[in-house]
Amino acid sequence: MSELRPANQQKEVGNNALGSSVYRLSAEKRERGTRGERDRKRKGNPLISNLWLLGKRGAKLSELLFFPSFCRLCHRLLDQLGERVICRPCWQRIHPPNLPACSTCGRYGEIKTGQDVCFNCQQEKWSFSFHRSCALYQGEIKEIILLFKYARIKFLGKDLANLALSFLANSFLWEGLDLVVPVPLYPKRKKERGFNQAEELARHICRAKKIPLAPRALIKIKDNLPQASLEAKERRQNVKGVYELIQKDQIKDKTILLVDDVFTTGSTLNECSLILKKAGAREVRALTIAQA
Ligand SMILES: [Zn+2]
Ligand SMILES: [Zn+2]
């Protein structure tokens, strides 16, 4: 299992270069470029890196003295560099399930010995070719997803996307992808939350994998009942006619990855991928962070 490292954790560097090149720092300061240029210069220059790290540590120390913050899950003091909202030990307690997954729907622990497709997938035909999620919707991961969505802590999207990239690093989910499409949120809901959680996850995945993102290819045109409040049969009905494709030309002949936060019955992903397939997508795969 790959160990999750918070995205903004910095590499520690020695401070042996400190003191000898103070004048180079002044010159560097005068030569201000874009943020990206400054980051590149900092990484390439040990003195700048050391001073930057000292600055970060000083800021962390002031934060600990005047505005201490605690892990939202275990209440431990967040005293390590790069820790935000959730402490590192809480992240490290999340593991991929040690259970075989159905090769189609990706459900963990549902397949019988000698088979690779679960009973449900033998009965039901999905419009996506296969789905994978990286954890079960319980414990720390459930709490983090709830904080991400309902406490509106947007930057947790990057950490959750990193979790998926790490746990599913060897999956063939990523092979030959042309485009990533997030499951859309109804505009009013997006406005209330301030962001679409699926779009945030998809954005970080696209950045890491260098795959184009189509955040507005699919839109949600009806504010249906929350899927969580319904039975499996009602969920399939509840998503009919709710989504619409508005960028058909982007979809044709493409291998697409649909992204959402949680997989429950798969009705939402099935409906969205059906629309993409009808518009001529070559293949649609699905990724979620956790399965309920
Ligand atoms: Zn914690
Ligand atoms: Zn299955």
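Me: Which residues have the most contacts inside the largest nonpolar core?

Reply: A nonpolar core is read as a set of buried nonpolar residues joined through their C-beta atoms, and in this predicted model the largest one has 48 residues, with Leu160, Ala164, Leu258, Val259 and Ile289 having the most contacts inside it. At least two residues of this core come from each of β1 (131-136), α6 (139-150), α7 (156-167), β2, α9 (197-209), β5, α11 (267-278) and β6 (283-291). A second core, separate from that one, has six residues, including Ala101, Cys105, Ile111 and Cys121.

Me: Which residues does Ile289 touch, leaving aside those up to four places away in sequence?

Reply: With those sequence neighbours left out, Ile289 touches Ser133, Cys134, Ala135, Ile145, Leu160, Leu163, Ala164, Leu201, Asp261 and Val262. For the chain as a whole, among contacts with a separation of 6 or more, 72% are between residues 24 or more positions apart.

Me: In what order do the strands of the open sheet lie?

Reply: As a general idea, the strands of a sheet pair through backbone hydrogen bonds, and the pairing is either parallel or antiparallel. Here four strands form an open sheet in the order β1-β6-β5-β2, with parallel pairing, and the edge strands β1 and β2 each pair on one side only. Neighbouring strands of the sheet are turned against each other by 20° on average, with direction ignored.

Me: How many bridges join β1 to β6, and how many join β2 to β5?

Reply: Five bridges join β1 to β6 in the parallel sense, and within that pairing His131 has Ala286 of β6 as its bridge partner. At the other edge, β2 (residues 179-182) pairs in parallel with β5 (residues 255-263) over four bridges, and Val180 stands opposite Leu257 in β5.

Me: Which way do the residues of β2 point, and are they buried or exposed?

Reply: Leu179 and Val181 point one way from β2, while Val180 and Pro182 point the other way, and all of them are buried.

Me: Which strands do α7 and α9 lie against?

Reply: To read such packing, one asks which strands the helix touches and at what angle the directions meet. In this model α7 lies across β1 and β6, running at about 115° to β6, whereas α9 packs on the sheet by touching β2, β5 and β6, with its direction making about 130° with that of β5.

Me: How many of the residues of α9 are buried, and what do they pack against?

Reply: Ten of the 13 residues of α9 are buried, so that the helix is mostly covered, and among the buried ones are Gln197, Glu199, Leu201, Arg203 and Cys206. These buried residues of α9 pack against α6, α7, β2, β5 and β6. From its first C-alpha to its last the helix reaches 18 Å, close to the 18 Å expected at 1.5 Å a residue, and just after α9, Lys210 takes a positive phi of about 55°.

Me: Why does Leu213 count as partly exposed?

Reply: The count that decides is the number of C-beta neighbours inside 10 Å, and because a residue needs 20 or more of them to be buried, Leu213 with its 19 counts as partly exposed. Leu213 lies in the loop between α9 and β3 (218-220) and, not counting residues up to four places away in sequence, touches Val180, Ala202, Arg203 and Cys206. The C-alpha atoms of Leu213 and Pro182 are separated by 8.3 Å, although the two residues are 31 residues apart along the chain.

Note on methods:
Residues are numbered from 1 along each chain as its sequence is written. Chains are lettered from A and ligands numbered from 1 in the order in which they are written. This is a predicted model: local features need pLDDT of at least 70, side-chain atom pairs count only at pLDDT 80 or more; totals for chains, interfaces and linings use all residues. A residue is buried if 20 or more other C-beta atoms lie within 10 Å of its own, exposed if 12 or fewer, and partly exposed in between; C-beta atoms are placed from the backbone. Two strands pair if DSSP finds at least two bridges between them. A nonpolar core is a set of buried Ala, Val, Leu, Ile, Met, Phe, Trp, Tyr and Cys residues joined through C-beta atoms within 7 Å. Two residues are in contact if their C-beta atoms, placed from the backbone, lie within 7 Å. Axes are lines fitted to C-alpha atoms, for helices over the stretch in contact, and angles run from 0 to 180 degrees between N-to-C directions. The expected span of a helix is 1.5 Å times one less than its number of residues.
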